Amino acid sequence: MSYADAFAKSIADPDGFWGQAAEAVTWDRAPAKVLDDGAAPFYRWFAGGELNTCHNALDRHVAGGRGDQAALIYDSPVTGTARTYTYAELLEQVARFAGVLRSLGAGKGDRVVIYMPMVPEAVVAMLACARLGAVHSVVFGGFAPRELAVRIDDARPAVVVSATCGIEPSRIVEYKPMLDSALEMAEHTPAHCVILQREQAPATLVPGRDLDWHEAMAAAEPAECVPVAATDPLYILYTSGTTGKPKGVVRDNGGHAVALLWSMRNVYDIAPGEVFWAASDVGWVVGHSYIVYGPLLLGATSILYEGKPVGTPDAGAFWRVISDYGVNALFTAPTAFRAIKKEDPEASLLAEHDISSLRTLFLAGERLDPDTYHWATDRLGVPVVDHWWQTETGWAVAANLRGLDPMPIKPGSPTVPVPGYDVRVLDIVGERCAPGVDGAICVRLPLPPGTLPTLWRDDERYLASYLSAYPGYYLTGDGGHVDEDGYLFVMGRTDDVINVAGHRLSTGSMEAALAGHPAVAECAVIGVADELKGQVPRGLVVLKSGVEIDHGSLRDELVRMVRDQVGAVAGLKRVDIVPGLPKTRSGKILRKTMRGIADGADEPVPSTIEDASVLDALRPVLRTHR
Ligand code: COA
Ligand code: AMP
């Protein structure tokens, strides 16, 4: 089918289009309906259907003859190990861990928080939840205890699964003390924690509460798949909103399985048995969709890489993995390629590896700058495909669909809306913008299968955050335009969410950390452009009057507070102490204006500004980088 036909059909006849796609899933009970719009604007997909996501990802492949095929290849340069799990082996581990969870009282609908590094046990734990109909919520290992505690209190898990440490090239990150401290901060207390002891940092377990992963596995009885409703939640993934309180994005079982299977073939052009590598982290949506569920639902081989693009041991690490495992498609964030390019500008390390298996490089997570696009295209000699999506959507909103009819690539654009997404760029009054004119990128409802049906136990916030700005549309939070040829250009967030090295972070949670210092009267965090990481946060604080304090040590303390309270991954390295922050007459801090000035733009001074002299005083500070 051509892209144009697929897109037109998906919009005109969503029932027909997604009903056909749903045939790729094994259902315990066929859906009664494809699209259920009875409670619009809350839409549900495949109502009445029953399935088990783990069955679709593992059992049916083993039953269908893929038992000896590699399902998951764990490659860990930071520990010097590599291990392949066949579909049969992974199924055995998952069924057994499902037995562990069941014995701890976790069943259908119960939540399980997973706070783990990039180890196979993280994947096993996710799939074991899916097997029982329990709802996992994976928290990225780079987040600090406070962020973990907030998520634990919102998800209220029966069990937490963790490991004693993660391994960064420069240090061992001890997770166990962070977990213990998060559990002290949290109001909710899970009955049990299952802890994977890693030899790099063994930890003491809390008697009665903590179980050793290996001991629990040895004692467990394997558990069978529990069929769940297509509309039941598979997972909650917290993502940064504009406030400090993260949003619990809910993913259902049925729509998710249908959409990811469709995307593996049509967006990524991957067939069962091929090797797909998403060099991301299981803590992010890319890891959920394309390290774990997408490749396994399809019967492909997925790579789980515990390492970095550079430094583990060098800028040839990606080429080594591609050649060792015959990777057919690599998916990562542009920042990873900028890091490689910085270290090895000529990609001279490529000569040491045979990467002829690679057909396509997919990039997402942040804007793909044309320089990085050209560098990657020239060096790799394969199509470099930018595609745009978000935690909320769970899969691509705009892409160059490699499995339909691929289109010419325009650097700077993720190409066209993916079938199912009726993307519209709207102006301030909700009219469609003319080609080339920037506006708010929205998607006309309903969103396709696989996208968020709501926020965890917060329908109101779902409506307020996404559906209220333009009735009938989902607000993506990104701004951009469509050109004369219908290509979408995503220019950046229109809110206070920032993107640091492909990691989505909220300036609100960093501000909350800064504001917690007794000397700070008010503060703002803005994301400014950075050559390597795309954006980095910068903090600006105003001191309470009369406070006398050494500015140098205060700045260090504030940087440390953000690191301790939000996590190292926030990457806040610079805080300036300033006399005042520019505001509107109604008291709103002009973050966008400050960001524009810091990025060197000719930023207009808003007419709503309360006192322009405050902004003028800040200009030299904002324009000075590190
Ligand atoms: N657990 C604990 N700490 C973590 C972590 C984790 N899972 N991931 C990152 N951190 C820490 C890092 O050690 C670093 O700490 P430091 O300040 O002590 O050095 C800090 O968080 C910032 O990490 P990062 O933003 O990754 O910067 P970096 O300088 O270590 O590496 C890149 C830069 C570009 C190599 C790296 O960001 C990268 O590989 N990016 C790809 C991003 C990606 O895959 N995104 C997923 C979307 S597809
Ligand atoms: P996350 O929810 O962490 O996946 O982050 C989603 C946000 O990352 C989007 O709202 C965009 O701002 C940004 N983003 C993701 N992919 C792209 C892309 N291909 N081009 C531009 N921005 C992107």
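Two worked exercises on this predicted model follow, one on a ligand site and one on a sheet.

Local features are given only at pLDDT of at least 70 and side-chain atom pairs at pLDDT 80 or more, while totals for chains, interfaces and linings use all residues. Residues are numbered from 1 along each chain as its sequence is written, chains are lettered from A and ligands numbered from 1 in the order in which they are written, and side-chain values use heavy atoms, without hydrogens and water.

**Exercise 1.** Describe the surroundings of ligand 1 and state where it lies relative to domains 1 and 2.

*Solution.* Begin with the shell, in which a residue counts if one of its heavy atoms lies within 4 Å: of its 23 residues, Glu168, Arg171, Pro309, Lys533 and Arg563 come nearest. Next, take the polar contacts (pairs of N or O atoms within 3.5 Å): an oxygen atom of ligand 1 is 2.6 Å from a side-chain N or O atom of Glu168, and an oxygen atom of the ligand is 2.8 Å from one of Arg563. Finally, domain 1 (3-307 + 387-480) and domain 2 (501-622) both give residues to the shell, so ligand 1 lies between them; these bounds come from an automatic or database domain assignment.

**Exercise 2.** Work out the order of the strands in the sheet that contains β23 to β26, and identify its edges.

*Solution.* The order is β23-β24-β25-β26, in an open sheet with antiparallel pairing, where strands are DSSP runs (E, at least two residues) and a pair needs at least two bridges. β23 (422-426) and β26 (488-493) each have a single partner strand, so they stand at the edges. As a check on one pair, five bridges join β25 (residues 473-482) to β26, with Gly480 partnered by Val490.

Definitions and conventions:
Helices (H or I, at least four residues) and strands (E, at least two) are DSSP runs, numbered from the N terminus. A polar contact is a pair of N or O atoms within 3.5 Å; within protein, one must be able to donate a hydrogen and the other to accept it, and residues adjacent in sequence count only if both atoms are side-chain atoms.
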